[in-house]
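Q: I am new to this structure and would like a close look at a single part of it, followed by a careful walk outward to whatever surrounds the other places where a similar question can be asked. Please take it step by step.

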Amino acid sequence: MGASRSSGTTDELGPDEDSGSGPPGGPVRPDVPVSGEGFPGSGPDGSELLAALLDGMDAALCAFDAGGTVTHWNREAERILGWSAQEAVGRKGFAGWAARRADAEEVQTRLMSAMGAPGRQVHEFALLRKDGGRVLVRTQSAGVRGADGQPAGVYCAFSEVHAQIDLERAIALSEALLEDASWGVVLVDVDLRPTVVNAYASRALGGGRTTLLGRPLGELVVQGVEELEAALHHVLAEGAPSAPAELWVTLRTAEGERRRCWRSGFLRLASPLTEEPVPLGVGWLFRDVTAAKLAEQEADRLRFRTSQLHRAARTASECEDPMEAATSLLDFALAGFADHVLVDLMAGERLVRTAATPSDAPGPCLLVAGGSIPARYAPGHPALQSVERTGTVRTSAAAGGSGPAWAAERRWPRDAAHALCAVLRSRGRTLGVLTFLRAANRAAFERQDTAYAETVAARVAGAVDLALATKGV
């Protein structure tokens, strides 16, 4: 940015003064006031202030008096066109130096027409640089009136068209992101409170675009807020990460808590108006990918379970003892699926414990030493329900209840909090019940777990049936 020559008189122009195309830096006419009498900032008291203001402007600015003579020219104008204030101030119009002679009259006419018109006028011109190159500029010009209310001149702010277009694109992009983007956009301040929320983000966070503003993230996110805030703090301190991050969060909504996965990107926002970057906050962009992540997890789980069943079948086929084959099948089935497994077989009207994993520590499924032990299940026990219904039963300890007491009441290991009982059937007969147990730190059994458990139960039932047939039962 630069200041104009703002006061005092100058020497006379040379022979080319009528055309206004004298040599760069040549003398100017004594009757041309550099600041313009009646022009804003005129007079000795305002000239230094005006020069400083012009120096601080981001836009190129020039001004003309009522006769079309250049009175002000700042440093941004010098940067764009190459002409200094000393070379520009005092010239009449742009002819022969800042515009081609063929274009100068039209440029001057259109600029000076703003003196008598209301508001601002926008034009695009091709101007000349000092080095002879041409540059397309977009101008905004408006008339200036003197103390008597009469037209006193015109000021013109201009910038290169490509720079203006870049600015307009940036503004259009920001408005689109904050309105109709298919990604959530949240701007948070340095205190990690939302200041701008677009429509997608407001739907994802379960609130209105205005009601979410200024609220701590902990009021919106029940679980996962620590990871989210840690990511935002990192961006403020170190800058944006090189790749998007996937954050699992639990949201508090009117319908209850929802578990969601957000693929998130972060940008550190800094003020462009300071020499040293001053952080304004963080731009957080995210997209809900919960459905895709759950489908991916389910595909991985299915792939792993299929592999385990294949390995189990191959191992069981090498076992001479059918009951050893059954326990081998269960060892493979337990991996990643449950913490404990119990095998209770029918003995008349009762269930007896035939095989189980250790109750106090992880371990393989082994046959009960010394023979089968009657299972002291109370009426209504899930294993008995599975036998009665000839189907699968899922159950869990009540939320907030006493897990060990719940498990002890059902004759299960003390750490059990979730159970799945699958009936063992072969050749149209019910042979017993297979019970899978999970600890409290794991999720409850779901519907897709039922299908896997029933597949395992069918294979175990086949091995048990063979063992019973071999013994003549």
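**Pockets, sheet and helices**

A: By class, the residues lining the second largest pocket comprise nine nonpolar, four polar and six charged ones. This comes from a predicted model, and the volume of the second largest pocket is about 350 Å³. Its lining is made of 19 residues, and those closest to the centre of the pocket are Ala59, Phe158, Ser159, Gln164 and Leu167. Several elements each give two or more residues to this lining, namely β1 (60-65), α2 (75-81), β4 (134-145), β5 (151-160) and α5 (161-177). Of these, β5 supplies the largest share, with five residues.

The largest pocket can be described in the same terms. About 440 Å³ of space lies in it, and 17 residues line it, with Gln297, Arg301, Ala443, Glu446 and Gln448 lying nearest its centre. The elements that give two or more residues to this lining are α8 and α12, and α8 gives the most, with seven residues. Sorted by class, the lining of the largest pocket holds five nonpolar, three polar and nine charged residues.

The two helices behind that lining deserve a look of their own. Two packed helices are described by the angle between their axes and the distance between the axes. Here the axes of α8 (residues 290-316) and α12 (residues 447-470) come within 12 Å of each other and cross at roughly 5°. Angles under 35 degrees count as roughly parallel, so α8 is described as roughly parallel to α12. On the side of α8, the residues that take part in the contact are Glu298, Arg301, Arg305, Gln308, Leu309 and Ala313, and they meet Gln448, Asp449, Tyr452, Thr455, Val456 and Arg459 in α12. Taken by class, the residues of this contact are four nonpolar, three polar and five charged. Two of the names have already appeared at the largest pocket, since Arg301 and Gln448 are among the residues nearest its centre.

From α8 the path leads on to a sheet. This is an open sheet of six strands, arranged in the order β7-β6-β11-β10-β9-β8 with antiparallel pairing. At its edges are β7 (194-197) and β8 (221-223), each of which pairs on one side only. On average, and with direction ignored, neighbouring strands of the sheet are turned by 40° against each other.

Within the sheet, three strands can be followed from one to the next. Nine bridges join β9 (residues 245-253) to β10 (residues 256-270), and these two strands run antiparallel. The pair forms a hairpin, with two residues between the strands. Along it, Ala245 stands opposite Ser264 in β10, while Val249 has Arg260 in β10 as its bridge partner. On the other pairing, β10 and β11 (residues 279-288) also run in the antiparallel sense, over nine bridges, and there the bridge partner of Arg268 is Val282 in β11.

Two helices meet this sheet. Helix α7 (residues 225-238) lies across β6 (184-188), β8, β9, β10 and β11, and it runs at about 5° to β10. Helix α8 also packs on the sheet, touching β9, β10 and β11, with its direction making about 115° with that of β9. The walk thus ends on α8, the helix that gives the most residues to the lining of the largest pocket.

Conventions
Residues numbered from 1 in each chain as written. Predicted model: local features only at pLDDT ≥ 70, side-chain atom pairs only at ≥ 80, totals over all residues. Heavy atoms only, no water. Axes fitted to C-alpha atoms, helices over the stretch in contact; angles between N-to-C directions. Helix = DSSP H or I, 4+ residues; strand = E, 2+ residues; numbered from the N terminus. Parallel < 35°, antiparallel > 145°, perpendicular 65-115°, else oblique. Contact = heavy atoms within 4.5 Å. Nonpolar A, V, L, I, M, F, W, Y, C, P; charged D, E, K, R; others polar. Pairing = 2+ DSSP bridges. 1 Å grid on protein atoms, 1.4 Å probe; cavity = no way out; pocket = protein on both sides within 12 Å on 5 of 7 lines; lining within 4 Å. Points joined across faces, edges and corners; volume = space filled by probe spheres on them.
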